[in-house]
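Visitor: Could you take me through one part of this structure slowly, with the cut-offs spelled out as you go?

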Amino acid sequence: MIYLKKSEGFSKRILVAHQGIDKYIPFDYELEISDIPTSFNYYAMGHVHNRIIDDFGQGKLVYPGSTEIWRSNEAIDYKKNGKGFYIVDTSENDAENRFDVDPINIELPREFISKNIEYGKLDSELNSLGSYISSLNNKPILNITIEKGNFNTSDVYKKLNNILSKITLMFRPTFRNEELIIEERYIKDNTSLEPKDLLVESLKSFDNEDISNLAVDLLGSLSKDKFEDSQKNC
């Protein structure tokens with residue numbers, strides 16, 4: 001790599017990148033930790049929203065994180081590590097030229113709210129939530145979950161949108177009606193999540209062994225790209 005050769009003659013070497021690494025975001029990364037060269041004193045990284053400071057290579061690998069909470073899992077990191085930036089002292093503090101890294105915390109410009117509301121209390125809870133949001137200086141980001149009870153998701157979303165779209169920067173609704181809760185309980189109570197077992201279980205209502213056997217045979221053929229065999233089964 002060209003930048004590795006060019007950096008060899010310098011006592012202070014800083015690598016800047018805006019990419020996620022598998023060690024820190026295992027499900028949505030662009031680089032593996034083994035891809036990162038170990039010959040730099042400081043790694044100024046971007047993309048990951050949480051604050052991270054780690055020993056790596058000949059120095060520190062640092063994600064300063066975002067200055068706002070965007071996703072619900074970032075709220076946990078905020079409570080633990082705060083939000084802000086880092087001041088990096090690049091003076092030669094020791095023989096290995098390790099830089100001092102100091103966190104600077106800032107106040108968030110807006111609130112991040114997570115709210116669970118039972119469907120039976122929807123109107124009263126929305127009124128209370130609306131009053132609270134109206135008292136804030138800046139529009140918040142809101143994660144809202146409507147749960148319990150039988151309700152039409154589309155109708156509830158329209159009500160939420162009419163009330164919340166004007167007073168929040170963004171609201172993210174999640175719906176957990178009784179039907180979904182029953183499905184979640186079923187998945188939790190069944191130890192096997194193999195496609196074959198789930199397929200057989202879902203077809204029990206037909207009470208027809210021939211249909212179940214056909215479905216299993218088709219699943220086996222199609223999952224192996226054996227399209228001709230699947231046509232024969234039909």
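Guide: Happily; we begin with a lysine and a serine, then turn to rings and cores.

This is a predicted model, where local features need pLDDT of at least 70 and side-chain atom pairs count only at pLDDT 80 or more, while totals for chains, interfaces and linings use all residues. Residues are numbered from 1 along each chain as its sequence is written, and side-chain values use heavy atoms, leaving out hydrogens and water.

Start at Lys83, in the loop between helix H2 (72-81) and strand E5 (84-89). Helices (H or I, at least four residues) and strands (E, at least two) are DSSP runs, numbered from the N terminus. Lys83 has a relative accessible area of 1%, so it counts as buried. Buried means under 20% relative accessible area, exposed means over 50%, and partly exposed is in between, using a 1.4 Å probe and protein chains only. What does the side chain of Lys83 make a polar contact with? Its partner is the side chain of Ser66, at 2.9 Å. A polar contact is a pair of N or O atoms within 3.5 Å; within protein, one must be able to donate a hydrogen and the other to accept it, and residues adjacent in sequence count only if both atoms are side-chain atoms.

Ser66 sits in the loop between strand E4 (59-63) and H2, and Ser66 is buried too, with a relative accessible area of 15%. Leaving aside neighbours within four places in sequence, Ser66 is in contact (heavy atoms within 4.5 Å) with Val48, His49, Glu74 and Lys83. With the same neighbours set aside, the contacts of Lys83 include His49, Arg51, Glu68, Glu74, Tyr78 and Asn105.

Arg51 leads us to the rings. Its charged end sits over the ring of Tyr86, 5.1 Å from the centre; the rule asks for NZ of Lys or CZ of Arg within 6 Å of the ring centre and within 35 degrees of the ring normal. Elsewhere, Arg172 lies over the face of Trp70, at 5.3 Å from the ring centre.

For ring pairs, the centres of Phe, Tyr or Trp rings (for Trp, the six-membered ring) must lie within 6.5 Å; planes under 30 degrees apart count as stacked, over 60 as edge-to-face and the rest as tilted. By this rule there are 7 aromatic pairs. One of them is Tyr43 with Phe56, edge-to-face at 5.1 Å centre to centre and 80 degrees between the planes. Tyr43 lies in strand E2 and Phe56 in strand E3, so the pair ties together parts that are 13 residues apart in sequence. Both Tyr43 and Phe56 are buried, and ring pairs link them with Phe40 into a cluster.

The loop between strand E2 (42-46) and strand E3 (52-56) holds His47. Phi of His47 is near 105 degrees, a positive value in a residue other than glycine, and His47 is partly exposed at 31% relative accessibility.

Last come the cores. A nonpolar core is a set of buried Ala, Val, Leu, Ile, Met, Phe, Trp, Tyr and Cys residues joined through side-chain atoms within 4.5 Å. The largest has 16 residues, and those touching the most other members include Leu122, Ile146 and Leu160. Helix H3 (122-134) and strand E8 (141-147) are among the elements that each supply at least two residues of this core. The largest share, 4 residues, comes from H3. Apart from this core lies another, of 15 residues, among them Phe56.
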